[in-house]
Amino acid sequence: MIPSGLEKWNLNMNHGNGGADKKIGLMGGTFDPIHHGHLVTAESVYENLALDRIVFVPAGDPPHKQDSSVTAAQHRLRMVEIATASNSHFFISDIEVQREGPSYTIDTVEYYRCCYTDDTDIYFITGVDAVVQIPQWKNSDGLFELCEIVAATRPGYPTKNFFRFRDQLPAHQRQSLRMLAVPALSISSADLRQRVSEDRSIKYLVPEGVEQYIEEHGLYKSSRSNAIRVSFFE
Ligand code: NAP
């Protein structure tokens, strides 16, 4: 069965049947904005773990950013759509954008777990800085049971922090966690937002279509002028 959050992208992009997948990657992030570091990460995990597909899942209302502004979900979703369009094994899910309330990862992984049979492995991929916070997330024990977590590190991130985090986990959770070093992740969304607000170039740091979208919609021009907490679908 194909998860409903994927249907319109599957139809639009004429992709195959997700029901046959044995290994899927869920690429979680706020993607404010998506950049080449995210894309290189997704492609590296796809290749290294021999996945059947990667599903980008932009957070609708990130629970850890309740006190800060995040760009409206329809903009972030559209930029992910533009950035991933040319890759036949990249998909998008709007499940977290459509779901009301904070975007808890456990709810997303549970949803996908229900959509696939037990012999399909699910990998949740995100940045290592987020991964080391997982014990504070909603039902983190359940998350380790339902999926394998892939932590993408960036140059300059002290990997000893990751290993210290991993070593304090119970053995069964350690087995569900791996690290991936991604050189292109020296790009960061925060730096891109800063660059745009200072009228500096983001060329070659994001796909061209994303750069154009940011410019056309005046995103990141002033301090979070496009940031609203109300989603497109509400
Ligand atoms: P964040 O806290 O803004 O970012 C943490 C670090 O990870 C940043 O350096 C970020 O770089 C990087 N990063 C984020 N997504 C990445 C990805 N897919 N691949 C590689 N690096 C990535 O994290 P976030 O993006 O808002 O959230 C990450 C994921 O964790 C989301 O799926 C979010 O829903 C989930 N989360 C869940 C809970 C919960 O369930 N309670 C709580 C917190 C986060 P960039 O800024 O350049 O992306």
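This is a walk through a predicted model of a protein with a bound ligand, starting at the ligand and moving outward to a few residues elsewhere in the chain.

Let us begin at the ligand itself. The ligand occupies the largest pocket. Three elements each give two or more residues to the shell around the ligand: strand 1 (23–29), strand 4 (121–127) and helix 6 (128–131). Strand 4 supplies the largest share of that shell, with four residues. In total, 28 residues surround the ligand, and the closest are T30, H35, H38, K65 and R154. What is the make-up of the shell by class? There are 11 nonpolar, 12 polar and five charged residues around the ligand.

Now look at the oxygen atoms of the ligand, where a few distances are worth finding on your screen. A polar side-chain atom of R154 comes to 2.5 Å from a ligand oxygen, and R154 is also listed among the closest residues. For H64, a polar side-chain atom lies 2.8 Å from an oxygen atom of the ligand. With G29, the backbone takes part: one of its N or O atoms is 3.2 Å from a ligand oxygen. How much of the ligand does the protein cover? On its own, the ligand has 860 Å² of accessible area, and the protein covers 90% of it.

From here, follow the chain out of strand 1 and into the loop that leads to helix 2 (36–48), where P33 has its place. Two backbone features in this loop deserve a pause. As background, most residues other than glycine have a negative phi, and most peptide bonds are trans. F31, which is in the loop between strand 1 and helix 2, has a positive phi of about 50 degrees although it is not a glycine. Is F31 buried or exposed? F31 counts as buried because its relative accessibility is 3%, under the 20% cut-off. The other feature is the peptide bond between D32 and P33, which is cis, with omega at about 0 degrees.

A positive phi also turns up at D199, again not a glycine, with a value of about 60 degrees. D199 sits in the loop between helix 10 (189–197) and helix 11 (208–216). Here the surroundings can be read from the accessibility: D199 has a relative accessible area of 62%, so it is exposed. Set beside each other, F31 is buried, whereas D199 is exposed.

Helix 10 is also home to S189. S189 is buried, because its relative accessible area is 12%. If you trace the chain on from S189 by 17 residues you reach V206, and the C-alpha atoms of S189 and V206 are separated by 9.7 Å.

Next, turn to N87, in the loop between helix 3 (73–84) and strand 3 (90–92). Its relative accessibility is 16%, so N87 counts as buried. The side chain of N87 has a partner in that of E43, and a polar contact of 3.1 Å joins them.

Another loop residue to find is I134, located between helix 6 and helix 7 (140–146). Helix 6 will be familiar as one of the elements giving two or more residues to the ligand shell. What is the relative accessibility of I134, and how does I134 count as a result? The value is 0%, so I134 is buried. I134 and I149 are 15 residues apart along the chain, with 10.0 Å between their C-alpha atoms.

Our last stop is strand 6 (residues 177–181), which contains R178. R178 is partly exposed because its relative accessible area is 34%, a value that falls between the 20% and 50% cut-offs. Along the chain, R178 and V128 are 50 residues apart, and their C-alpha atoms are separated by 9.9 Å.

To retrace the route: the ligand fills the space of the largest pocket, with 90% of its accessible area covered by the protein. Beyond strand 1, the loop to helix 2 holds F31, with its positive phi, and P33, with its cis bond to D32.

How values were computed:
Residues numbered from 1 in each chain as written. Predicted model: local features only at pLDDT ≥ 70, side-chain atom pairs only at ≥ 80, totals over all residues. Heavy atoms only, no water. Near = heavy atom within 4 Å. Polar contact = N/O pair within 3.5 Å; in protein donor to acceptor, adjacent residues only side chain to side chain. Areas by Shrake-Rupley, 256 points an atom, 1.4 Å probe, with all protein chains shown as cover. 1 Å grid on protein atoms, 1.4 Å probe; cavity = no way out; pocket = protein on both sides within 12 Å on 5 of 7 lines; lining within 4 Å. Sits in = over half its atoms within 2 Å of the grid points. Nonpolar A, V, L, I, M, F, W, Y, C, P; charged D, E, K, R; others polar. Buried < 20%, exposed > 50% of the residue type's maximum accessible area, 1.4 Å probe, protein only.
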